[in-house]
Amino acid sequence: MENPNNDLHRFHRAYFIGAGGIGMANLERYLLSKGFEIAGYDRTQSQLTQQLEDEGVSMVFEDNVSLIPAQFRSKEDTLVVYTPAVPSDSPILNWFQNQGFNVVKRSELLGKITRAGKSICVAGSHGKTTTTSMIANILRNSEVGCNAFLGGILRNTGSNLVMCPGANWAVIEADEYDRSFHRLSPTIAIVTSVDPDHLDIYGDEEGYLEGFAHFTSLIKEGGALLMHAGMKLKPRLKPGVKTYTYSGGKEGDWHAEDIRFGNGTIRFTLVGPEIRIEGLEPGVPVEINIDNAVAAAAASIMAGASAEDVRKGLREFRGAKRRFEVLRDQKDGSTVLIDDYAHSPNEVKASINSVKKLYPDRKLTVIFQPHLYTRTRDFASGFSEALSLADEVIMPEIYPARELPIPGVNSQLILDKVNCDSKIYCERKNLLNLIKNRKFDILMTLGAADIDVLLPDILEILEGKEIDTK
């Protein structure tokens, strides 16, 4: 893919507002590879912002117009990209808008890329990052190739951007937040799940389903939709768009048979229209990845990958960071540490059930950090039910992200209804001290908040090393 859209060739620079976000980073890296000069603002320094700076992005961490570099003050050759997480009263965002710059959301830039060529776009309330990453890992080592824009860091490459010179396919994680995926134009679309989420945007389940129905209407004529079997979604398709269902069981046009668990592995046979591939083995052997692998294999085959490409890509897949990432497993009975981004009730349930299957008869302690007041308010009962599957639950306060507090909405809404052997409320600032003074069999951190920032220190504690927990 050369220029993703005709109007991009006139720009030589791009300024990113919210530049440290995982979804912005891959676009920054993509434009850097195309010869763009890149600068940006983010409110928080992180390991990712440091990596971006090392790769050539000029970054500032104060929302101050005077810090915009001189060369990025020319609207003739500077494209401005922002994320919906940036407040509307951001001084830098408002300056660019008031000066008449070409200012687009990140989803609009992704949309330009999908309209320029062929694309596989993966949407869903859960499973989309892993499925997108699996597709990228299959295609990047095949003759098909791809440029992939991932919502997480692919551990095989250490990046959330996959680039293959001359590739005609883009692989994109299609985010439903802020209706971002309505900017895309897929050749192949996958919908992994439609469990209601982001009700602050969609209002209710009906509005959420309507959002996904509109997404399916954007598939290009002659394209294809892969949707998980049993969903409530009623797609609206252009003429000539084929529909296939899939599942990790025996339902669907694409499905799994002969599933075998054992010795820390999962093996299954993929069955699809006029195809059967035996001996598939996802490199991250958790049960939910059977569903994800079926979808990824089906889309990759539709894009032109071979059976051997699929077999190799899945077997060598090391997962995306924070997607059921096993950080410590000594195989000697000592503490296991697993981190997962699960932030909806069904995701939490699936993650806990996967641990129970992988490590039967061992005690599971879950640290779950609720993400967003609205999500806690809307799904408290579902979270309580899912977390009750653990043996012990530790819960800090809600991570607000972009939201202001809602009266009466706090972690206790979830924790009070959790029914397990032990449940503890612990403020985030005291978590490390709590962990330091307890013994764990299996410790799992869950949530889309910033719990992952503590993981290096948690690992040090589990290794018996001294750290300052004050």
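Contact here means heavy atoms within 4.5 Å. Each view below comes from a predicted model.

**View A. Helices α10 and α11 pack side by side in this close-up of their contact.** P345, V348, K349 and I352 in α10 meet F379, G382, F383, A386 and L387 in α11. By class, seven of the contact residues are nonpolar, one is polar and one is charged. Helix α11 covers residues 373-387, and the two axes lie 8 Å apart at an angle of about 5°. Angles under 35 degrees count as roughly parallel, so α10 and α11 are roughly parallel to each other.

**View B. Helix α5 packs against helix α9.** Helix α5 spans residues 128-140, and helix α9 spans residues 307-315. Their axes are 8 Å apart and form an angle of about 125°. The pair is therefore oblique. The crossing of α5 past α9 is right-handed. From α5, the contact uses M134, N137 and I138. From α9, it uses D309, V310, G313 and L314. Four of these contact residues are nonpolar, two are polar and one is charged.

**View C. The second largest pocket has 23 lining residues.** Its volume is about 530 Å³. Nearest the centre of this pocket lie G264, P285, V326, L358 and Y359. Strands β13 (255-262) and β14 (265-272) each supply at least two lining residues, as does helix α10 (345-358). The largest share, three residues, comes from α10. The lining divides into 10 nonpolar, six polar and seven charged residues.

**View D. The largest cavity has a volume of about 40 Å³.** The structure holds two cavities of 30 Å³ or more. Lining the largest cavity are R106, S107, L110, E173, A174, D175, S180, F181 and L184. Helix α4 (residues 106-116) gives the most to this lining, with three residues. Four of the lining residues are nonpolar, two are polar and three are charged.

**View E. The second largest cavity also has a volume of about 40 Å³.** Which residues line the second largest cavity? They are D197, H198, L199, D200, L372, T374, R375, D378 and F379. Helices α6 (199-202) and α11 each supply at least two of them. Four come from α11, the largest share. F379 of α11 appears in View A too, in the contact with α10. By class, this lining has three nonpolar, two polar and four charged residues.

Notes
Residues numbered from 1 in each chain as written. Predicted model: local features only at pLDDT ≥ 70, side-chain atom pairs only at ≥ 80, totals over all residues. Heavy atoms only, no water. Axes fitted to C-alpha atoms, helices over the stretch in contact; angles between N-to-C directions. Parallel < 35°, antiparallel > 145°, perpendicular 65-115°, else oblique. Left-handed = near helix turned anticlockwise from the far one by under 90°. Nonpolar A, V, L, I, M, F, W, Y, C, P; charged D, E, K, R; others polar. 1 Å grid on protein atoms, 1.4 Å probe; cavity = no way out; pocket = protein on both sides within 12 Å on 5 of 7 lines; lining within 4 Å. Points joined across faces, edges and corners; volume = space filled by probe spheres on them.
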